[in-house]
Amino acid sequence: MSRQNSNLPSRSAGYDAIVMGAGHNGLTAAAYLARAGLKTLVLERREIVGGCAVTEEIAPSCRASTASYIASMLRPKVIRDLGLAEHGLRMVPCDPLLQVAFPDGRVVPWWASRDRMADELGRLSPADVEPFFGMDDDLKRLARYFQPFFLETPPALEARGVVGWIEALRAGRRFRGISGREIAELVSFISGSLADYLDRRFRCDRVKTLVLANSVYGAHSPPYQRGSLFGLLFHLLGGGEQDVQGFYGHVVGGMGAISEALAASARSFGAEIRTASPVASIRVKDGQATGVVLEDGSEIDARVILSNADPKRTFLGLVEASALPDEFRRAVSAIKMDGPCAKVNLVLSEEPRFRGTRADATPAERSFFTLIPSLEFAERSYHSARFGRIPDELWIDCVIASNVGSSLAPPRRHIMTCFVQYVPYHLFEGTWDEKRESLGDRVLATIAEYAPNVPGAIVARQVLTPLDLERTFGLTEGNIFHGDLSLDQLFFMRPVPGWAGYRTPVRGLYLCGAGAHPGGGVTGAPGHNAAHVVITDFKSRSV
Ligand SMILES: Cc1cc2nc3c(=O)[nH]c(=O)nc-3n(C[C@H](O)[C@H](O)[C@H](O)COP(=O)(O)OP(=O)(O)OC[C@H]3O[C@@H](n4cnc5c(N)ncnc54)[C@H](O)[C@@H]3O)c2cc1C
C-alpha cells in the first residue's frame, strides 16, 4: 500500500492532477493518482468530503447517512488496494440481506444462508423453493460475466483497424466458455422485463416482490418495462472485503466512513484535499485543460483535471461551450436524469416496531425493511411520477441504522433513513419548496401502516426532495447515479457514445464519477478506472 515509486513525469509548479469533487469516486481516483506519484489536489464544494456517501448530523448528536445508506457494490479491489480497513472502514454484512414488509403484517426475509432461506420459502410457497434457488444460481453465474467489466474501460467500439480488433477481442475474452444457453439468458436479461421473468418462474406474489426488492433502486425501470430485468444483476456482483456475491452491508459509522477512509488513504499517499472550494470553471486553452478557476476567483494550474461532478454539470456548466463539439454537447444534454427518488431521514425517540417482526428478532433482523406490496404497485407508482405527480403509493426502503452501531445516536435515540421512489424532479403542479413537507407527511403515513409507532416518535425529520438532492449534493435533477442506469446509458454508451473511456473531447480533462462507466452506486469503480487511464496517459506522455 506504499506510494508507488513510479517514473511518471511530474512538474513542480502547479499540480499534476486536480480532482474536482470529493465524492467517493473523486477520492478513489485521487488516492490511486497520489499512490502512483502524481501531485494531486482534490477540490470539494461542500464543507465535508464524500458527496453522496456521507454521515451528517441531522439533530444534536444524531448522525445519519443522509444520502446513500447501504454498501453493496464497493469494489473489493478498491478496499484492498487503498487499505480502507486499515483506515477504519468496517462493514457489517446484512442478514437477512433484505426483507420485505407487507401491509398485512407479514415480513418476508431473504436470508444469506441457503438452508434458512429454503425453510422460509418452504413455509411461504413450497412450489417456489426450487425455482428460487435456480434463479439465484443463474443470476450469480451471469453476474460473473459482467463483473470484470466493472473495473475495465469499456471497449472502444468506434475504433477501427487493428485497434478495433484488439478492442473486440478484449471484450470477447470475457465471454470465453459461455454456452449457447447462457447467451440466450444474457440476451433476455438485457432486453426482458423483470415482471415477465418473475411471472414465468414463481407462483407466489410475495416471492416475486422479494426479488423485485433486490433490484437496482433509483433507476427509471419499473418492473413491467423491457430492460428492467438487467437491474437484478447489479446486486449480484461480488462485494465487501471478502468479495461475497450478492453482498449487502451496513457501514459502521454510516456511509461517510467509506469516504473518510478513502480520504485518509488519499492523504497517506500525499494527496491534498480542500473542502469549501467550489470550482466555477475549468480552464481550456487550445483544446487542452490547463487548470480551474474557483468561485472566489483564484486559479490553480494542473496538467490534468478529473471531474467527479456529473456529465451535465461538468460539460454544460463548467466548460466553455466553444471548447466542446456541438454534437458532444447535444449528446450530454440528452442524458436522462429526472429524479426519480427522495430521502427522508428521521431521529426517533423509540425504535420502529414493524408489524410481523418476531419478538426475539436480533438487531440485524430489525434494521432493514423494504415497504413494497407488489409489482403492480411499483409500476403504478412509477407511472404517476413519470408524469410529474407525487404518487400516493410510495416504495420505501427503511434502514434503522442505529441498530447496527451505537456511534450514530445517544441512548434513547434511533436513526431511521428512508429511501423513497418514485418521485419526479419535474413536478406537474407546484414546486418542491411548496411540496417538501407534504412528501414527508406522505412517507410517514405510509410507514405508519407498517410500523404504527413511528409518527408518534419523531424527534427530527429531514426531507430531501429531488430538488434538495440537486442543491445539497450537486446532482443534476437529483439523479443519484449522475445519469439514469438504463441500457442506452450504460457500458460503451456512458456517459455518451464514443466517450466511454473517461477521456473527453478536451485533452487533459477526464470524467471520474458515476456518470462514467460503470455508473452509479457506491462502487469506487469509475474513480479507479479513470485514475488508471490518467496514469497511462502520463506514462505515454500524452498529457
Ligand atoms: C438519496 C441517495 C441514496 C442512495 N443510496 C445508495 C445506496 O444505498 N447504495 C449505493 O451503492 N448507492 C446509493 N446511492 C447512489 C450513490 O450514492 C451515488 O451514485 C455515488 O455515491 C456517486 O458517487 P460519485 O463520487 O461518483 O459522485 P458524488 O457522490 O455525487 O460526488 C460528486 C462530488 O462532486 C462535488 N462537486 C460537484 N460540483 C463541484 C464543483 N463545481 N466544485 C467542487 N466540487 C464539486 C459534489 O459536491 C460531490 O461531493 C444513493 C444516492 C442518493 C443521493
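How far is an oxygen atom of the ligand from a polar backbone atom of H24? The separation is 3.2 Å. The legends below describe a predicted model, in which local features need pLDDT of at least 70 and side-chain atom pairs count only at pLDDT 80 or more, while totals for chains, interfaces and linings use all residues. Residues are numbered from 1 along each chain as its sequence is written, and side-chain values use heavy atoms, with hydrogens and water left out.

**View 1. The ligand and its polar partners.** Besides H24, look for H482, where an N or O atom of the side chain is 2.8 Å from an oxygen atom of the ligand. V522 joins in with a backbone N or O atom, 2.8 Å from a ligand oxygen. Taken alone, the ligand exposes 1,000 Å², and the protein buries 97% of that (areas come from the Shrake-Rupley method with a 1.4 Å probe).

**View 2. The shell around the ligand.** The ligand has 32 residues around it, and E44, R45, C52, I70 and I480 come nearest (to count, a residue needs a heavy atom within 4 Å). The shell holds 16 nonpolar, twelve polar and four charged residues; here Ala, Val, Leu, Ile, Met, Phe, Trp, Tyr, Cys and Pro are nonpolar, Asp, Glu, Lys and Arg charged, and the others, Gly among them, polar.

**View 3. H24 at close range.** H24 sits in helix α1 (helices are DSSP runs of H or I with at least four residues, strands are E runs of at least two, both numbered from the N terminus). This residue is buried, with a relative accessible area of 8% (buried means under 20%, with a 1.4 Å probe and protein chains only). A polar atom of the H24 side chain lies 3.1 Å from the backbone nitrogen of T523. Leaving aside neighbours within four places in sequence, H24 has contacts that include G50, S259 and G521 (contact means heavy atoms within 4.5 Å).

**View 4. Helix α15, wrapped by its surroundings.** Why is helix α15 (residues 466-473) described as largely enclosed by the rest of the structure? Six of its eight residues are buried, so the description fits. The buried ones are P466, L467, D468, L469, E470 and F473. Their cover includes β3 (55-59), α11, β15 (341-348), α14 (432-450) and β19 (458-464). After α15 comes G474, with a positive phi near 75°.

Technical notes
A polar contact is a pair of N or O atoms within 3.5 Å; within protein, one must be able to donate a hydrogen and the other to accept it, and residues adjacent in sequence count only if both atoms are side-chain atoms. Buried means under 20% relative accessible area, exposed over 50%, partly exposed in between (1.4 Å probe, protein chains only).
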